[in-house]
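Work through the exercises below with the sequence and the model side by side. Try each task before reading its solution.

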Amino acid sequence: MRINKFLAQAGVASRRECDNLIASGKVAVNGVTATLGQEISVDEDVTVNGNKVVIKKNEYYLLNKPKGYICSVSDDKGRKTVMELMPQSVGRIYPVGRLDYDSEGLLIMTTDGELAQKLTHPSNEVPKTYLVKIEGTINEQDLNPIRSGIEIEGYKTKKCKAHIVETNKAYTKIHITITEGKNREIRKMFAAIGKEVSLLKRIKIGEITLRGLDRGAYRKLSAQEVAYLNSL
């Protein structure tokens, strides 16, 4: 297999990040500096910065992220990260994609860099569904600019699905499904139509849901769920 795929399956990083490691001369095969696109067998001696790399069985978890945590392995500002919610016995695990500090909900945590790349690359258009709560009222027609794509900060968002699931004089709840995930995109989309988001919760990736999982809790994904995510 290609050296970047080997490194990604070993949980070193995503394929793209592994290519950067190779290009910077930090990867060696049998003591010789590796090259981009190099083909290797799994029984060869591969090192990164002098440390031996072996393919271990990947870990896959579903986490219900609460507010007040960032989707990062570490934070130079001292904020809590989602790593603090995961068991310490798990090796190099990292969040797939992002949920901002004030958002909550479904987050995939894995050691599988290749799957992480599949789920986050814009070209794959993996559907992600969110529960959005805004203060006050809104009607279905008001959502049309968001559905058809809306200009925010110099770019137009992709078409998406959105519908109201609950409404009263105090607030409105909406389900929105998008296939891209730019920084704070949903909050900016609603701001563009004059609405402020007071709650943002990811509830689905494809057909994988949070059903039965409390805030801050996690569970292992089944083999069937992992296979499904790889198929998206």
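The exercises treat a buried lysine, the nonpolar cores, one helix and some salt bridges.

This is a predicted model, in which local features need pLDDT of at least 70, side-chain atom pairs count only at pLDDT 80 or more, and totals for chains, interfaces and linings use all residues. Residues are numbered from 1 along each chain as its sequence is written, and side-chain values use heavy atoms, with hydrogens and water left out.

**Exercise 1.** Describe the surroundings of Lys128.

*Solution.*
- Place the residue. Lys128 lies in strand 8 (residues 128-135); strands are DSSP runs of E, at least two residues, and helices are runs of H or I, at least four, numbered from the N terminus.
- Check its charge partners. Lys128 is buried but has no salt bridge, and the nearest side chain of opposite charge, Glu185, is 9.1 Å away. Buried means under 20% relative accessible area, exposed over 50%, partly exposed in between (1.4 Å probe, protein chains only). A salt bridge puts a side-chain nitrogen of Lys or Arg within 4 Å of a carboxyl oxygen of Asp or Glu.
- Look for a polar atom. The backbone oxygen of Val126 is 3.4 Å from a polar atom of the Lys128 side chain.
- List contacts (heavy atoms within 4.5 Å). Beyond four places in sequence, Lys128 meets residues including Leu119, Ile176 and Arg202.

**Exercise 2.** Find the residues with the most contacts inside the largest nonpolar core.

*Solution.*
- Apply the term: buried Ala, Val, Leu, Ile, Met, Phe, Trp, Tyr and Cys residues joined through side-chain atoms within 4.5 Å.
- The largest core has 32 residues, and Val132, Ile174, Ile176 and Phe190 have the most contacts inside it.
- Elements giving it two or more residues include strand 8, strand 12 (171-178) and helix 5 (185-192).
- Another core, of 17 residues, lies apart from it and includes Ile108 and Leu229.

**Exercise 3.** Which residues of helix 3 are buried, and what covers them?

*Solution.*
- In helix 3 (residues 113-120), Gly113, Glu114, Leu115, Ala116 and Leu119 are buried.
- Their cover includes helix 1 (3-9), helix 2 (15-23) and helix 6 (223-231).
- At the helix start, a side-chain oxygen of Asp112 comes within 3.1 Å of the backbone nitrogen of Glu114.

**Exercise 4.** Compare the settings of two salt bridges, Arg15 with Glu114 and Lys220 with Glu59.

*Solution.*
- Arg15 and Glu114 have their closest N and O atoms 2.5 Å apart. Arg15 in helix 2 and Glu114 in helix 3 are 99 residues apart.
- Arg15 is partly exposed at 27%; Glu114 is buried at 16%.
- For Lys220 and Glu59, the closest N and O atoms are 3.5 Å apart. Lys220 lies in strand 15 (residues 218-220) and Glu59 in a loop, so the pair ties together parts 161 residues apart in sequence.
- Lys220 is exposed at 52%; Glu59 is partly exposed at 26%.

Note on methods
Lys and Arg count as positive and Asp and Glu as negative; His and the chain ends are not counted. A polar contact is a pair of N or O atoms within 3.5 Å; within protein, one must be able to donate a hydrogen and the other to accept it, and residues adjacent in sequence count only if both atoms are side-chain atoms.
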